[in-house]
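Work through the following exercises with the sequence and the model at hand, and try each task before reading its solution.

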Amino acid sequence: MSSSTLTAAPPSASLTAGRLPKWAPWVILIGAFVVVAIIFGVLNLGQPLENFNIAATVFLGALAYAAIIYVVSRIVEGPRKGTDRFVTAIVSAAFVLALLPLISLLWTVLVNGIARFDIEFFTYTMRNVVGEGGGAYHAIVGTLMITLAATIISVPIGLMTSIYLVEYGAGKALARSITFFVDVMTGIPSIVAGLFAYALFVVFFGPGISMGIMGAVALSVLMIPVVVRSSEEMLRLVPNELREASYALGVPKWLTIVKVVLPTAIAGITTGVMLAVARVIGETAPLLLTAGFTASLNWNLFNGNMMTLPVFVYNQYASQGTSPEESLARAWAGALVLILIVMVLNLGARAVAKYFAPKTGR
């Protein structure tokens, strides 16, 4: 008898073999969401799309999936496997429940903001616009410039502070004091940062001053502690063996930090910087005090008011003018653009982290 006839064929993952195929849970999951979405869609007929209850659809779809996968798995795979799949589905549903506020927020902003997500919104300002039309070009430029300036101020200060705490200040009283004050700065309200920046510039330029660079300084006060704490943790994760190997070759400490420690931790540091940017890019209160608001485009950080997207959204909502519908549409579109900017920054951080990670050989 040949060996091929003695070898048993592997069991197939099918309903007749007592096992669910790998694609079955995904089909059940998609089907549950589709059925629940259709039910809510029928109930929402004749009403605006923003009235569609996306949070309830997602949550009830998750619960429906848990019930269906339990019944199907119990019939096909037995009670033990069915219970295992049911518990897994319930845990996943709990995770979905925690995400419901975010899902609802994203859906609301997307549905209400897509109406003004057009070329005019990205190429026109609000200069001489009192009703329809206009855009947030000046606010987008102001947000990018102020955030970039704040990043340029914050990253060197925060990174050098974290290098001192990890590489030079271990066990020293100064390092403990810096750590304490960084923790205090992490919890200060954003309006306090705005007041600090305003008071600082009033000393040199007098009261009533308002410039884009003032907003950058205010945001940097909020960014620095985040950069310090995240960079400090990443530097501590670098193995000491790498430092000792560099010292054994006669490399000075400062060069070891530049050539060994920082390249090893660059992925985590980049992610921390992007988190700090995402932390401050949506701040409104400090920018109202420092950068002010304007309907015109301003490319100069050191002269005149500069509009930002958070202030633009606030201003459009608070001062609706002669066309409230248009103002609210611009406000929703501004919020959508702000969310997209944060998303792009986070995707960019992930790409940089992956590219510069030590496992890639760089």
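**Exercise 1.** State what percentage of the residues of the protein chain count as buried, and describe the surface that the chain exposes.

*Solution.* Begin with burial: in this predicted model, 41% of the 362 residues of the protein chain count as buried, where buried means under 20% relative accessible area. Then turn to the surface, where the protein chain exposes about 19,900 Å², and carbon and sulfur atoms supply 71% of that area.

**Exercise 2.** Describe the secondary structure and the overall dimensions of the protein chain, and set its radius of gyration against that of a compact globule.

*Solution.* First, take the elements: the protein chain has 14 helices and zero strands, so that, by the DSSP runs used here, every element in the order from the N terminus on is written as α. Next, take the extent, for which the C-alpha atoms fill a box of roughly 95 × 75 × 35 Å along the principal axes. Finally, compare the radius of gyration, which is 27 Å for the protein chain, whereas a compact globule of 362 residues would have one near 21 Å. As a further step, look at the contacts with a separation of 6 or more, of which 70% are accounted for by residues 24 or more positions apart.

**Exercise 3.** Find the volume of the largest pocket, and work out which helices and which classes of residue make up its lining.

*Solution.* Start with the space itself, since about 270 Å³ lies in the largest pocket. Of the 13 residues that line this pocket, L29, Y65, T88, A89 and S92 are the closest to its centre. Now assign the lining to elements: α2 (23-43), α3 (54-77) and α4 (79-113) each supply at least two residues, and the largest share, seven residues, comes from α4. Sorting the lining by class then gives nine nonpolar, two polar and two charged residues.

**Exercise 4.** Carry out the analysis for the second largest pocket, giving its volume, its central residues, its contributing helices and the classes in its lining.

*Solution.* The volume of the second largest pocket is about 190 Å³. Its lining is made of 16 residues, and those that lie nearest its centre are M126, V129, N315, Q316 and S319. Among the elements, α13 (309-318) and α14 (324-356) each supply at least two residues of this lining. The last step is the division by class, which yields six nonpolar, nine polar and one charged residue for the second largest pocket.

Key: Residues are numbered from 1 along each chain as its sequence is written. This is a predicted model: local features need pLDDT of at least 70, side-chain atom pairs count only at pLDDT 80 or more; totals for chains, interfaces and linings use all residues. Side-chain values use heavy atoms; hydrogens and water are left out. On a 1 Å grid over the protein atoms alone, a cavity is a set of points where a 1.4 Å probe fits but cannot get out, and a pocket is an open set with protein on both sides within 12 Å along at least five of seven lines; lining residues have an atom within 4 Å of a point. Grid points are joined across faces, edges and corners, and a volume is the space filled by probe spheres set on the points. Helices (H or I, at least four residues) and strands (E, at least two) are DSSP runs, numbered from the N terminus. Ala, Val, Leu, Ile, Met, Phe, Trp, Tyr, Cys and Pro count as nonpolar, Asp, Glu, Lys and Arg as charged, and the others, Gly among them, as polar. The radius of gyration is taken over C-alpha atoms; the globule rule is 2.2 Å times the number of residues to the power 0.38. Buried means under 20% relative accessible area, exposed over 50%, partly exposed in between (1.4 Å probe, protein chains only). Contact means heavy atoms within 4.5 Å. Accessible areas come from the Shrake-Rupley method with a 1.4 Å probe; for residues, only the protein chains shown count as cover.
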